[in-house]
Amino acid sequence: MILRLCLLSGLALLLVADSPGQLSASAILRLTPTRSSGRITIDGKVLRAGRAQLQIPVTKIRNPKMMPISISATVILNNQKSGRVSLGSFSIYPADQTGTFHLPVPDALAKAGRGTGRITIEIRLVPGPAPLEANSLEIDLGPIRLTAEPLEGRD
Amino acid sequence: MSKIAELLRRDFNKGLLVAATSAFFGGCEKILDDIANRPIRRNITSAEAADDIATYKNAVTAMKALPATDPRHWNNQANIHQNSCPHGNWFFLPWHRIYLSFFEQICRELTSKPKFALPYWNWGLSPSIPAPFWPSGTPLYNPRGATATSMADASLTGPAVLQSILAETNFQMFASLQSTAPRGGTGGGYGRLEQTPHNYVHGFVGGEMGTYQSPRDPVFWSHHNMIELCWVDWNIYRGNQNTNDTSWMNWEFSEFFDAKGNPTKMTTAVSLLLPLLSYRYDADVAGTPKQALQKAEHERISKLVRQGAPSKLEFENRFEIARDARAVVGKPEAFAIKVDSSALGSMLEPSGSKRLLLSVDGVTGPASPDFFVRVFLGNQPPTDLNINNPAYAGSFAFFGDAHGGHGENHKLQFLVDVSEAARRMQQQGALLKNGALNVFLVPVAFPGQDLKVREFSLGRLVLSNIK
């Protein structure tokens, strides 16, 4: 019974992107050529601690044709299209190599976000020079989180 | 192999970074000249890069023509990357710096062009793969996904993105995250330089560039040369600090081959000296010409020489020669010390492995560094002050502007490796006089300089032998 519950909760976390709703930060986001973006909501309290970065683990890639992959992250302010702040983009090399990627949160955004409880972030496949064929690509990302942990620079 | 590269291999790999660095700058004017005139890595789209592009084509052709068993063969060089390249952690930058440096030395060796420097592709300013890599059938061509007119996405490689990445002050966010090993370690994660322009360009070019066999495409080396320029700009021109974590600094990479095809090693700490000693760039990432950056570069070298870098020196004996010494410009100043020859041990034998260092501590930086100091050994004062004199051991000079941010009264330390001169003079029976070893310091004016200083303080002189 416990095992079944665990399996069900695991499946519930693996949600397909581009759905009208937003995923919680603990969810795994799956991007494909036909569902090329998704939104997650993240706890913004961490911004109160100061400098922050968005940590995006790419945990699984199915890319048999090794198509170039780039992914962008954008903060959606108040769920309005006009209020969008880009956090930047990153690429995958080789095009099936998983890993954890980091995008800095601009100071201005961090200041603005300090008072908010939740932040909505849109993750999107960046279009390449050639259109992606349907079913040619699957990327799982998450759990995505904001971290204020200072990365060690120099003693 | 160049004299600089030879010294890097011979001395720095023993962990004697301070001694080697100081002896490097203080020990040989020829090397100092080599450093000042080290090869310039140029933008591949500039007219000045034409000779280097021609040499690069010849080098690629020569590497492909080597026997398949030669580690310098084109495919074997790519296999080093396939088997050992670190990605997604903080060994990414130093590993590729060393990889490029040895590749560049192989190119010089195979083309007999000792001043060759690998040209770089600045995709921030030139978003299409440059013309020398086309067309099919030419030495720098490789089958690719991109065409000659494909344009890299400015949102991943453009000037605004690069300036934002270069403005990052956190080493790990810039250069990728801490890991316990280059491959298979714990920790890690991508930093901004690697995950954005670096990764993107590999995928944008496509073909083998999109795989770990990417060095089979000649554009790989010019792409990574641009990544290297980004690090040089961030660290040296802008003065951002790398981590000083010893697990990063002391990591020794051993998968490389030198210009002759011999296995070789280098630590991260030594790799930090490469852009200061063995190559430089014609411009920064934004395309600002090199000349405008020389002051920053000199300050960086000066700081490195004065402060040294993490190192380990194992002294066996120390002999204080003089305290509160002074010297007059143009006049040999003699300092003598009775030395127990047994204490020097095998150092003075022709094949001796030990080294004898002269340490000059507490030197007051002169207000006007228009002279340098030559060091001679022997049983009588040198009459010939030329560096061809067998008694000549080395020299030291004062870098940068007079004050260099340290102030006129800042105390400096210099090390001069006097081992070779001591052996030469010993063989001639001209080293010791009545059991005493004589050291002569001669302040010499730079050619054409109008001397402002006539006398200056040398501080304390100590002779040490090290393992």
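**Figure 1. Overall composition of chain B in the predicted model.** Of the 467 residues in chain B, 59% are buried. The chain contains 17 helices and 13 strands. Among its contacts with a separation of 6 or more, 76% are made by residues 24 or more positions apart.

**Figure 2. Surroundings of the buried residue B:Glu194.** B:Glu194 belongs to helix H10 of chain B, which spans residues 192-205. Although buried, B:Glu194 has no salt bridge. The nearest side chain of opposite charge is that of B:Arg183, 10 Å away; a salt bridge would require the charged atoms to lie within 4 Å. The side chain of B:Glu194 instead makes a polar contact of 2.6 Å with the side chain of B:Ser176. Leaving aside residues up to four places away in sequence, B:Glu194 touches B:His87, B:Gly88, B:Asn89, B:Phe92, B:Ser176 and B:Asn199.

**Figure 3. Backbone conformation at B:Ser176 and B:Ser112, two residues with positive phi.** B:Ser176, the polar partner of B:Glu194, is placed in the loop between H9 and H10 of chain B. Its phi is near 90°, a positive value in a residue other than glycine. B:Ser176 has a relative accessible area of 0% and is therefore buried. B:Ser112 occupies the loop between H6 and helix H7 (154-157) of chain B. The phi of B:Ser112 is about 55°, likewise positive although the residue is not a glycine. With a relative accessible area of 61%, B:Ser112 is exposed.

**Figure 4. Aromatic pair of B:Trp95 and B:Phe256.** Over all chains, 27 aromatic pairs are counted. In the pair of B:Trp95 and B:Phe256, the ring centres are 5.2 Å apart and the planes form an angle of 50°, a tilted arrangement. B:Trp95 lies in helix H6 (residues 92-111) and B:Phe256 in strand S2 (residues 252-257) of chain B, so the pair ties together parts that are 161 residues apart in sequence. Both residues, B:Trp95 and B:Phe256, are buried. They also belong to one aromatic cluster, whose further members include B:Tyr56, B:Trp74, B:Tyr99 and B:Phe102.

**Figure 5. Edge-to-face pair of B:Phe171 and B:Trp248.** The ring centres of B:Phe171 and B:Trp248 are 5.1 Å apart, and the planes meet at 70°, so the pair is edge-to-face. Because B:Phe171 is in helix H9 (residues 171-175) and B:Trp248 in helix H12 (residues 246-249) of chain B, the pair ties together parts that are 77 residues apart in sequence. B:Phe171 and B:Trp248 are both buried.

**Figure 6. Arginine side chains over tryptophan rings in chain B.** The charged end of B:Arg97 sits over the ring of B:Trp231, at 3.7 Å from the ring centre. In a second example, the charged end of B:Arg144 sits over the ring of B:Trp134, with a distance of 4.9 Å to the ring centre.

**Figure 7. B:Leu458 and its spatial neighbour B:Val363.** B:Leu458 is part of strand S13 (residues 455-466) of chain B. Its relative accessibility is 0%, and B:Leu458 therefore counts as buried. The C-alpha atoms of B:Leu458 and B:Val363 are 4.6 Å apart, while the two residues are 95 residues apart in sequence.

**Figure 8. Cis peptide bonds preceding A:Pro94 and A:Pro143.** The bond from A:Tyr93 to A:Pro94 is cis, with omega near -25°. A:Pro94 is located in the loop between strand S7 (84-92) and strand S8 (99-104) of chain A. The bond from A:Gly142 to A:Pro143 is also cis, with omega near -5°. A:Pro143 lies in the loop between strand S10 (138-141) and strand S11 (145-147) of chain A.

Notes: Residues are numbered from 1 along each chain as its sequence is written. Chains are lettered from A and ligands numbered from 1 in the order in which they are written. This is a predicted model: local features need pLDDT of at least 70, side-chain atom pairs count only at pLDDT 80 or more; totals for chains, interfaces and linings use all residues. Side-chain values use heavy atoms; hydrogens and water are left out. Helices (H or I, at least four residues) and strands (E, at least two) are DSSP runs, numbered from the N terminus. Buried means under 20% relative accessible area, exposed over 50%, partly exposed in between (1.4 Å probe, protein chains only). Lys and Arg count as positive and Asp and Glu as negative; His and the chain ends are not counted. A polar contact is a pair of N or O atoms within 3.5 Å; within protein, one must be able to donate a hydrogen and the other to accept it, and residues adjacent in sequence count only if both atoms are side-chain atoms. Contact means heavy atoms within 4.5 Å. Rings of Phe, Tyr and Trp (its six-membered ring) pair if their centres lie within 6.5 Å; planes under 30 degrees apart count as stacked, over 60 as edge-to-face and the rest as tilted. A charge sits over a ring if NZ of Lys or CZ of Arg is within 6 Å of the ring centre and within 35 degrees of the ring normal.
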